[in-house]
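Biologist: Please take a close look at the ligand site of this model and describe what surrounds the ligand.

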Amino acid sequence: MHNVVDLKVLYFGTPVVLIGTRNLNGTANLAPMSSAWWLGDQCMLGMNTASQTTQNLVRERACVLNLPSSALAAAVDRLALLSGSPVMTPHKIEKGYRYEPDKFAAAGLTQLPADLVAAPRVAECPIQLECEVLASEPFGIGTDAVAHTVRVLRAHVADELIIPGTAHVDPVGWDPLIMKFCEFFGDGTQVHPSRLATAWQIPSPATSH
Ligand SMILES: Cc1cc2nc3c(=O)[nH]c(=O)nc-3n(C[C@H](O)[C@H](O)[C@H](O)COP(=O)(O)O)c2cc1C
């Protein structure tokens, strides 16, 4: 039997991406996001219009998609309620976000330069994808989101994740951090409490029954 439910959140489970971009003053920004999917050598990123990341993507036309493993959930969570933009929307103020100009220090992550684009890599992320921005268009109707289409120009992959003698990632060894209904999962299990889930007042199974 199924129930008809007016679902409050439709985030069924996608990998977390730490998008590295360059700010207008040349410093680095880093933002967690999970509205991302890949087709061929291109990727669609759904980002809020007001985010510093969207401003940087539209201006710089470049980014690095840093893919954290589930072991990095705590570092990702430290970025959850931060923005690289000093101008905060009323929605973000209400949710408890604050301006943070140094996201790498706040997260405890290490910045590395990219080879081909002016955007930061995250040393701790096992997969880092240098990208150019092909298009940035409004997403949907009545949303505050932008669909950024990017093309992967260069991939950096940790040695242990490459199937020896191939140009393929080992799908068994790769344990992506997954955001499912605002909670963090890895290897199919919940790996860390989520500030986003708290801010969004997402009920957890333990408290909702
Ligand atoms: C796990 C996780 C996933 C997120 N996914 C998205 C997303 O897909 N799109 C989006 O616009 N914001 C997403 N956010 C919220 C942004 O990280 C947040 O708006 C942040 O302030 C953006 O930073 P910026 O303003 O420096 O770009 C996510 C946050 C977390 C913690």
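Modeller: In this predicted model, a polar side-chain atom of Lys92 is placed 2.8 Å from an oxygen atom of the ligand. Lys103 likewise brings a polar side-chain atom to 2.8 Å from a ligand oxygen. Ser83 also takes part, with an N or O atom of its side chain 2.7 Å from an oxygen atom of the ligand. The ligand on its own would expose 630 Å², and the protein buries 93% of that area. The space that the ligand takes is the largest pocket.

As to the wider shell, 22 residues surround the ligand, and the closest of them are Pro32, Thr53, Leu82, Ser83 and Gly84. By character, the shell divides into 10 nonpolar, 10 polar and two charged residues. Several elements of secondary structure contribute to this shell: β3 (28–33), β5 (42–48), α1 (52–60) and β7 (82–83) each supply at least two residues. Strand β3 provides the largest share, namely four residues.

Charge pairing within the protein may be considered next. Side chains of opposite charge can pair when their charged atoms come close. The structure holds nine salt bridges. One of them joins Arg195 to Asp77, with 2.9 Å between the closest N and O atoms. Because Arg195 belongs to helix α5 (residues 195–199) and Asp77 to helix α2 (residues 73–78), this pair ties together parts that are 118 residues apart in sequence.

To return to the ligand, its oxygen atoms are approached by polar side-chain atoms of Lys92 and Lys103, and by an N or O atom in the side chain of Ser83.

Definitions and conventions: Residues numbered from 1 in each chain as written. Predicted model: local features only at pLDDT ≥ 70, side-chain atom pairs only at ≥ 80, totals over all residues. Heavy atoms only, no water. Near = heavy atom within 4 Å. Polar contact = N/O pair within 3.5 Å; in protein donor to acceptor, adjacent residues only side chain to side chain. Areas by Shrake-Rupley, 256 points an atom, 1.4 Å probe, with all protein chains shown as cover. 1 Å grid on protein atoms, 1.4 Å probe; cavity = no way out; pocket = protein on both sides within 12 Å on 5 of 7 lines; lining within 4 Å. Sits in = over half its atoms within 2 Å of the grid points. Nonpolar A, V, L, I, M, F, W, Y, C, P; charged D, E, K, R; others polar. Salt bridge = Lys/Arg side-chain N within 4 Å of Asp/Glu carboxyl O.
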